[in-house]
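Reader: Hello! I would love a close look at the charged side-chain pairs in this structure and at what surrounds them. Could you walk me through that part in one go?

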Amino acid sequence: MTYVVTSPCAGTKDKSCVDVCPVDCIHDGGEQMLIDPVECIDCGACEPVCPVDAIFAEQEVPAGERGAIEAARAFFDDGGTP
């Protein structure tokens, strides 16, 4: 399991999540922040600090936001870097 940033982050990019991440796995993906699914240690520190409630544990991502899981994987698989 990993944590996933969903569409409410788009255009907001508050970055409170970045400040609390102990492994620096949250990166700017352009329109929104993205969590590297390989680097994420599943600590959950990012979820409660998100002001737009855009971060979910992978298995709890709402059905309409499931594309965010694959988008994050694809971004980092394709060499997306901070």
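Author: Happy to! One cut-off will help us first: a residue counts as buried when its relative accessible area is under 20%, as exposed when the value is over 50%, and as partly exposed in between. Lysine 15 has a relative accessibility of 36%, so this residue counts as partly exposed. Please keep in mind that the model is predicted.

Now to the pairs themselves. Side chains of opposite charge can pair when their charged atoms come close. In the whole structure, a search turns up 3 salt bridges. Lysine 15 takes part in one of them, with aspartate 28 as its partner and 3.9 Å between the closest N and O atoms. The cut-off for a salt bridge is within 4 Å, so the 3.9 Å pair of aspartate 28 and lysine 15 counts as one. Aspartate 28 sits in strand S2, while lysine 15 belongs to the loop between S1 and H1, so this contact ties together parts that lie 13 residues apart in sequence.

Aspartate 28 has another partner as well: its side chain meets that of lysine 13 in a salt bridge, at 3.0 Å from N to O. Here too distant parts of the chain are linked, since strand S2 covers residues 26-28 and lysine 13 lies in the loop between strand S1 (3-5) and helix H1 (16-20), with 15 residues separating the two partners. How accessible are these two? Aspartate 28 is partly exposed, with a relative accessibility of 31%, and lysine 13 is also partly exposed, at 22%.

The remaining bridge to visit joins arginine 73 and glutamate 58, whose side chains meet at 2.6 Å, N to O. Arginine 73 is found in helix H2 (residues 67-77) and glutamate 58 in the loop between strand S4 (55-57) and H2, so parts 15 residues apart in sequence are tied together. The two partners fall into separate classes of accessibility: arginine 73 is partly exposed at 28%, whereas glutamate 58 is buried at 18%. Stepping back, the bridges that share partners join Lys13, Lys15 and Asp28 into one network.

Helix H2, which spans residues 67-77, is worth one more glance for its rings. The search of the whole structure finds 1 aromatic pair. Phenylalanine 75 and phenylalanine 76 have ring centres 4.9 Å apart and ring planes at 90°, so the pair is edge-to-face. Phenylalanine 75 is partly exposed, with a relative accessible area of 23%, while phenylalanine 76 is buried, at 14%.

Lysine 15 also leads us to the empty spaces. The whole structure holds 2 cavities of 30 Å³ or more, and the largest contains about 90 Å³ of space. Its lining has 15 residues, and the closest to the centre are Cys9, Asp14, Lys15, Cys17 and Cys50. So the lysine that bridges to aspartate 28 is also among the residues closest to the centre of this cavity. By class, the lining comprises 10 nonpolar, 2 polar and 3 charged residues.

The second largest cavity has a volume of about 60 Å³. Of its 13 lining residues, Cys21, Cys25, Cys40, Cys43 and Cys46 are the closest to the centre. This lining is made up of 11 nonpolar, 1 polar and 1 charged residues.

How values were computed:
Residues are numbered from 1 along each chain as its sequence is written. This is a predicted model: local features need pLDDT of at least 70, side-chain atom pairs count only at pLDDT 80 or more; totals for chains, interfaces and linings use all residues. Side-chain values use heavy atoms; hydrogens and water are left out. On a 1 Å grid over the protein atoms alone, a cavity is a set of points where a 1.4 Å probe fits but cannot get out, and a pocket is an open set with protein on both sides within 12 Å along at least five of seven lines; lining residues have an atom within 4 Å of a point. Grid points are joined across faces, edges and corners, and a volume is the space filled by probe spheres set on the points. Ala, Val, Leu, Ile, Met, Phe, Trp, Tyr, Cys and Pro count as nonpolar, Asp, Glu, Lys and Arg as charged, and the others, Gly among them, as polar. Helices (H or I, at least four residues) and strands (E, at least two) are DSSP runs, numbered from the N terminus. Buried means under 20% relative accessible area, exposed over 50%, partly exposed in between (1.4 Å probe, protein chains only). Rings of Phe, Tyr and Trp (its six-membered ring) pair if their centres lie within 6.5 Å; planes under 30 degrees apart count as stacked, over 60 as edge-to-face and the rest as tilted.
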